[in-house]
Amino acid sequence: MPNLSTEIQTPFQITFSFEEVIKKLEASLKNHTAANPEATKSLLDQVEKYPQLRDGITDLTVLLENEALIGQLLIDYLPPELTLNEIKAIGIPYINTIFNLSDRFKNIMRAAGKDFEIEIRDFDEHQFFVLSCCIILNNVYGRQLDFSKPIFYDIPTADGVTRHYRILYNGDFLDILPTEKTVHLSEAEIDELVDNYDNIELWRAKFPLESWTLKGFAIMTLYDATVENAVSIFKEKLLDFNTPNFNQSITSVYRSIYRIPDLRIGFTLFNQDQGKFSTTGLAYHMVSHILPDKAEQLDKDILCLPSYRQLVHNKKYFAASDTQELQLKNAASPLMEIMLKQGIRSFILAPIVKNGRLLGVLEVVSERPKELNSINANKLDVIMPFLTEKVDRLVVELENAIQALIQLRFTTLHPSVNWKFRDQAKQLLLNQGLNQETALEDIVFPNIFPLYGQIDVKGSSEARNLSVQNDLQLQLKDLFQLLKGIQNEDAADFSAEIEQISRFRTWLQSPILANTEHQIVNYLDQKIHDRLRDIKHRQLDHLIRSYFSENEMETGIFHTYRRKYERTISRINLKMAEILDMRQLEAQKVFPHYFERFKTDGVEHNLYIGASIAPQFDFNRQILRQLRLWQLRTMCEMERAHQQLMPSLPYALPVTSLILVYNSTIAIRFRMDEKRFDVDGSYNARFEIVKKRIDKAYIKDTTERITESGKITIVYSDETDEAEYLEYVAELQQEQILKPEVERFDIEDLQGVSGLKGLRAAMIY
């Protein structure tokens, strides 16, 4: 018999009563509608001997003593013809006090064992108390609080497999009545309760213990929802895929579906391109029965012909109901041999397929023959769609695992140097599975020629400042008028804020400083906007809403000019980067090299070229010349593209172009702390210093910048570099890309840098 404890606290004084049923029987005799009048009268005579059946029973022992009579009383609701089919009982909603169980229910409880206590899953005392109160609020006060959610009993079978039963209540025979302890609630008190689900003390104060009587009974019906529930649990478990106990927790789901207490689950990835099974990435949380002691193996070295045809070719379930029998029929089958060595006598291999590609194989195995077969393999249909989506994501993750690790430990790397990191990444992934630490080696590429280029948006700072200035002038003008209107309506006092806005507007009559925007925006957010949102005034509401609408960054007119500026810079950068990336593909064919670019107010790029980056190829000076000419030609193409783009820009901002020539080789080292490459050593640092200072430099003894829109500037320090680049310039002049005139000049000394020279040639558009 299940536990009849009522120790859980409740606002109800529970009284089992069968008065409504008794009244219906009495009415059927009186109206001559009883199917068997003599039997009905005899039953009512018996009931009259126990008035508590009508008046109410509070002693649970009385229920048990009269269980047979109550069963006769409820025979129309719990017909004996269905007692072996239906899972029913009499009780009270959410309370584990049940009796008059159907025979099937009794058999289920008997199989669970005498020590098993039935309990609603994930249903604590707090939930029970609040939901009991909600029943009162709905039935007595007319509220419509939706507190329903699926509730389940988890009951083990004699074999230890847990079955999941959905609980349904029929409460037509229940009445809720007040007692002398009842606290009558106002609408405001009910609203307070509705907004404070977690405040159990408030609920207990409004609904003291036994402050209401719950009189009558409910009919409880269970239905076996094991498969549906297992699918739900399975989806939850998939969220914990990378946890150590995943395999164990997921196995219980399959055991519920198949009702096999010692069923085992495995999984093996499949690389369709290579035709290989693999366990890489699964060692931490999954077991493979196909590859119990190997990391990978070709499919044709494992599968027999029937299993290969089903899994790999047809991508359908392959089931072996008796491994030993199949081994005798396929003597050369490595798969059957592998399974038998693990004590597996029947199994199902289910292909995980996405977009026609075999991603992996789910393995369901049993130690007994005939338990798994081609018939019950179809039970997996309810699980496979969710598993497929998860495995698809896993395969993508595994495909990117090495690169992701490189990004985590190193940086986003160009393919030209990626190979240098892959060996370390592979070792790290392997050692993570073995819980071993691996020291990272320094990664250095010596004897590298650097190439640096820059396309810079000229006047970008001034354009942005002007955009900010125009936007803020409009915003402050509208805000000034809004606050004046609020003052006139006596809705709030903004006198001090109006004065400050006037000062801001005066500031904006002159060129703004670096912190002007930040200072004004902070003041508006901290001093004005919160107060505006708190104003409740019918005549002002639409004006305040309109103001905030216009302050939306994406759509409001207070950000019009800044959006134009951002679109201008974004379109320039996008076009420049698009050309550079496209031409980079050609440059990589000349010789693999490390390439990086950066977007700011324009686009910068670095090329690092040398034998240490691509040791499998022969590097020579001629390759360097080819890439230097490629860089100059590409920079000219970017200049021309911008000239065509400029008329369509919100702001017609020009660009300047600069190339830095560095004739000595350097070494680049991966900086672990900054997750990026940098030049290695103080001797090589001169290249970085020149890069950072050159773009704002002037021609020596003048006030003229070395860069000028419409021209390509080449900075160098050695006469041999000058001669080399003049050859490149001459070639581009012949192609009508550059004009015939070439300017030569010395560059002013910079901090820590002197002796630089420059060439400058005008573009032909």
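# Exercises on a predicted model

Leu508 is placed in the loop that lies between helix H19 (495-507) and helix H20 (516-534). The structure is a predicted model, and the exercises below start from this residue.

## Exercise 1. The surroundings of Leu508

Determine whether Leu508 is buried or exposed, and identify which residues it touches beyond four places in sequence.

Solution. Begin with accessibility. Leu508 has a relative accessibility of 1%. Buried means under 20% relative accessible area, so Leu508 counts as buried.

Next, list the contacts. Leaving out residues up to four places away in sequence, Leu508 touches Gln469, Leu472, Gln473, Leu476, Thr516 and Ile520.

Finally, take one of these partners, Gln469, and compare sequence with space. Gln469 and Leu508 are 39 residues apart along the chain, while their C-alpha atoms are separated by 6.2 Å.

## Exercise 2. Classifying aromatic pairs

State how many aromatic pairs the structure holds, then classify Trp203 with Phe207 and Tyr725 with Tyr728.

Solution. The count is 17 aromatic pairs. For Trp203 and Phe207, the ring centres are 6.3 Å apart and the planes meet at 20°. Planes under 30 degrees apart count as stacked, and the pair Trp203 and Phe207 is therefore stacked. Both Trp203 and Phe207 are buried.

For Tyr725 and Tyr728, the ring centres lie 5.0 Å apart with the planes at 80°. The cut-off for edge-to-face is over 60 degrees, so the pair Tyr725 and Tyr728 is edge-to-face.

Now place this second pair in its element. Tyr725 and Tyr728 belong to helix H25 (residues 719-734) and are three residues apart, about one turn of the helix. Tyr725 is buried at a relative accessible area of 2%, and Tyr728 is buried at 4%.

## Exercise 3. An aromatic cluster and charges over rings

Name the residues of the aromatic cluster that contains Phe18, and find which rings lie under the charged ends of Arg204 and Arg505.

Solution. Phe18 forms one aromatic cluster with Tyr77, Phe173 and Phe217. The charged end of Arg204 sits over the ring of Phe129, at 4.8 Å from the ring centre. For Arg505, the charged end sits over the ring of Phe480, 5.3 Å from its centre.

## Exercise 4. Confidence

Report the average pLDDT of the chain, and state where pLDDT stays under 50.

Solution. The average pLDDT is 86, and 89% of the residues score at least 70. Over residues 1-6, pLDDT stays under 50. The model has 20 contacts beyond four places in sequence for residues 1-6. Where pLDDT is low, predicted coordinates should not be read in detail.

How values were computed
Residues numbered from 1 in each chain as written. Predicted model: local features only at pLDDT ≥ 70, side-chain atom pairs only at ≥ 80, totals over all residues. Heavy atoms only, no water. pLDDT = per-residue confidence, 0-100. Contact = heavy atoms within 4.5 Å. Helix = DSSP H or I, 4+ residues; strand = E, 2+ residues; numbered from the N terminus. Buried < 20%, exposed > 50% of the residue type's maximum accessible area, 1.4 Å probe, protein only. Phe/Tyr/Trp six-rings, centres within 6.5 Å; stacked < 30°, edge-to-face > 60°. Lys NZ or Arg CZ within 6 Å of the ring centre and 35° of its normal.
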